[in-house]
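Trainee: Could you show me how to read the features of a structure like this one?
Mentor: Gladly; let us put it on the screen.

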Amino acid sequence: LDFLGLYNLKFDILQSKKIKKSIEEDTAASLNPLIQSALFSNLESEIEKQAHRLSILSPGFSGADLKNLCNEAAIHAARHNQEFVQTADFEEASERILGGMKKTSDLEEQVRRTVAIHESGHAVAAWFLENADPLVKVSIVPRTKGMLGFAQYLVSEAPFQKKQEIKDRLKFLLGGRVAEMMFLGQASTG
């Protein structure tokens, strides 16, 4: 039994309870109760972290959308010959659902630079604004839904917004345009 290897083992969200139970039963006899308790409580907190991350990646998703997300993640894992669906698979599936499939055509260097500056402008503006939604990820990978890039935020679920929150949201939404004006001297339709 490689205790350090077992201790570092992390369960992703979709690992079955049967597998977890099997590992618990196999190791229960060889670990003292204090170590066993600490090990499996760490696994539970890791599962909670993964579940929280998944909820961030699926804003406003219905039950059917979540089912689609899980299916896309499983397909992604299978394509990469993985034994289990991992967080990276869910992240890729979320991007695919929100933005469409990745485009295979290469963009001109100037277009890629413009998209990178634009999306960075959103991200930097949101970072410095007190009432802006927290940034989850920024992508400059073109997608089939017509997006050349996108910035994804953790949208607030508050029933209403205060005036300053609305102003800050407008500021970070215009951050891409401002960045283009600052670094390129002109703004695009991005």
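Mentor: We will go from the overall fold to the largest pocket and then to single residues.

Mentor: Before that, a few conventions: this is a predicted model, where local features need pLDDT of at least 70, side-chain atom pairs count only at pLDDT 80 or more, and totals for chains, interfaces and linings use all residues. Residues are numbered from 1 along each chain as its sequence is written, and side-chain values use heavy atoms, with hydrogens and water left out.

Trainee: How many helices and strands does the protein have, and what pattern does it follow along the sequence?

Mentor: Helices (H or I, at least four residues) and strands (E, at least two) are DSSP runs, numbered from the N terminus. Here there are seven helices and two strands, and along the sequence they run α-α-α-α-α-α-β-β-α.

Trainee: What share of the residues is buried?

Mentor: Buried means under 20% relative accessible area, exposed over 50%, and partly exposed in between (1.4 Å probe, protein chains only). Of the 190 residues in the protein, 32% are buried. The accessible surface, from the Shrake-Rupley method with a 1.4 Å probe and, for residues, only the protein chains shown as cover, comes to about 12,400 Å². Carbon and sulfur atoms hold 57% of that surface.

Trainee: And what about contacts with a separation of 6 or more?

Mentor: A contact means heavy atoms within 4.5 Å. Of the contacts with a separation of 6 or more, 64% are between residues 24 or more positions apart.

Trainee: How do I read the largest pocket, and what is its volume?

Mentor: Rolling a probe the size of a water molecule over the atoms shows where empty space is left. On a 1 Å grid over the protein atoms alone, a pocket is an open set of points where a 1.4 Å probe fits, with protein on both sides within 12 Å along at least five of seven lines; lining residues have an atom within 4 Å of a point. Grid points are joined across faces, edges and corners, and the volume is the space filled by probe spheres set on the points. The largest pocket has a volume of about 420 Å³.

Trainee: Which residues lie nearest the centre of that pocket?

Mentor: They are E119, M147, G149, F150 and A151, out of 20 lining residues. Two or more lining residues come from each of α5 (87-99), α6 (109-128) and β2 (150-153), and α6 gives the largest share, five residues. By class, the lining has nine nonpolar, nine polar and two charged residues. Ala, Val, Leu, Ile, Met, Phe, Trp, Tyr, Cys and Pro count as nonpolar, Asp, Glu, Lys and Arg as charged, and the others, Gly among them, as polar.

Trainee: Now single residues: is D133 buried or exposed?

Mentor: D133, in the loop between α6 and β1 (135-139), is buried at 8% relative accessibility. A polar contact is a pair of N or O atoms within 3.5 Å; within protein, one must be able to donate a hydrogen and the other to accept it, and residues adjacent in sequence count only if both atoms are side-chain atoms. The side chains of D133 and R169 make one at 2.3 Å. Leaving aside residues up to four places away in sequence, D133 also touches others, including Y153, S156 and F172.

Trainee: Where is S156?

Mentor: S156 sits in the loop between β2 and α7 (163-184) and is partly exposed at 42%. Its C-alpha atom is 6.6 Å from that of D133, 23 residues apart along the chain.

Trainee: What is the phi of N81?

Mentor: N81 has a positive phi of about 55 degrees, although it is not a glycine. N81 lies in the loop between α4 (63-79) and α5 and is exposed, with a relative accessible area of 72%.
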